[in-house]
Amino acid sequence: MPETPADPPAPSGVDTTVAHSARVWNYWLGGRDNYPVDRALGDHVIETYPQIVEGARADREFLRRAVTHLAAEEGVRQFLDIGTGLPTHDNTHEVARRAAPDARVVYVDNDPMVVAHARALLVGGGHGATEFVDADLRDVQGVLGAAAELLDFDRPVAVTVLGTMGHIPSYEEARSLVRAYTGALAPGSFLALCDLVMPDGEAEREALRRWNEGAALPYRAHTTEEMAGYFDGLELLEPGVVSATRWRPLPTEVGSVRDVEQYCGVARKP
């Protein structure tokens, strides 16, 4: 990875002595909002599994393609982005507004660094509206109550949850949380979810071990069956639950697509 220029000043409440997933992810995506400890862990994982950077970028490309489809083809004008992470290129509101200038977006995260940057970079502007909710995603009613100040939950809302549910210690809890969010949505709403599947090779497993030894928040990989389970009771859009690179790639990309461990899907609430 290229060297990062001068480190940004740490916002109040941010611990720069322990690597954090949002900042390591930011580093893998080429961002500047990270610190030596994050880059050290990022490089440590890359040593074992260099394809992790490709997976991080595939996750971001899935967000771009999914939000574009939902805004342009499905007519969605409201988005709830849970587990936002640090702002980077093509954030949800930027993608949505290219297709629908009146789109409204609420971001949710509770990491102090994300909070500081998101409020400065993501909120306001444009013909639609964008807000940020500082909350733990496990506080479903709190999140929904705050988001309802901007979003109308009597109308369709697209919930996006990318690279986040693996931080929930148990799959049962993670699936229950997803069901709580989708249960609160109006018919015609959507869920777009992407997360890590269980690595097959020794290098991938070693990379995950290194991550969990060095990061503040450990990560839990999924099976493909668990990923599909998040969409139970919903109507999956084609091509179903697939590697993030294979969710509706551009025609020019089809022949060069390689699978990554990030799996994803988009589904409609009937």
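**Exercise 1. Determine whether Asp 136 is buried, partly exposed or exposed, and identify the salt bridge that joins it to Arg 138.**

Solution. Asp 136 has a relative accessibility of 25%, so it counts as partly exposed. The cut-offs are under 20% relative accessible area for buried and over 50% for exposed, with partly exposed in between (1.4 Å probe, protein chains only). Arg 138, at 44%, is likewise partly exposed. The side chains of these two residues meet in a salt bridge, at 2.8 Å from N to O. Such a bridge requires a side-chain nitrogen of Lys or Arg within 4 Å of a carboxyl oxygen of Asp or Glu.

The model is predicted: local features need pLDDT of at least 70, side-chain atom pairs count only at pLDDT 80 or more, and totals for chains, interfaces and linings use all residues. Residues are numbered from 1 along each chain as its sequence is written, and side-chain values use heavy atoms, with hydrogens and water left out.

**Exercise 2. State where Glu 213 and Arg 209 lie and which network of salt bridges includes them.**

Solution. Both residues belong to helix 8 (residues 202-214), four residues apart, which is about one turn of the helix. Helices (H or I, at least four residues) and strands (E, at least two) are DSSP runs, numbered from the N terminus. The side chains of Glu 213 and Arg 209 meet in a salt bridge of 2.4 Å, N to O. Glu 213 is exposed at 59%, while Arg 209 is partly exposed at 37%. The network links Glu 47, Glu 206, Arg 209, Arg 210 and Glu 213.

**Exercise 3. Explain why the buried residues of helix 6 line one face of the helix.**

Solution. First, the buried residues of helix 6 (residues 140-147) are Val 140, Val 143, Leu 144 and Ala 147. Next, viewed down the helix axis, they fall within an arc of 95°, so they line one face; the arc is that of the directions from the axis to the C-beta atoms. Finally, these residues pack against strand 1 (78-82), strand 2 (104-109), strand 3 (129-134) and helix 7 (171-183), where contact means heavy atoms within 4.5 Å.

**Exercise 4. Describe the surroundings of strand 1.**

Solution. Five of the five residues of strand 1 are buried, so the strand is largely enclosed by the rest of the structure. Gln 78, Leu 80 and Ile 82 point one way, and Phe 79 and Asp 81 the other. Strand 1 pairs in the parallel sense with strand 2 over five bridges; pairing requires at least two DSSP bridges. Within this pair, Gln 78 stands opposite Arg 104. Four bridges join strand 1 to strand 4 (residues 158-162), also in parallel, and there Asp 81 stands opposite Thr 160.
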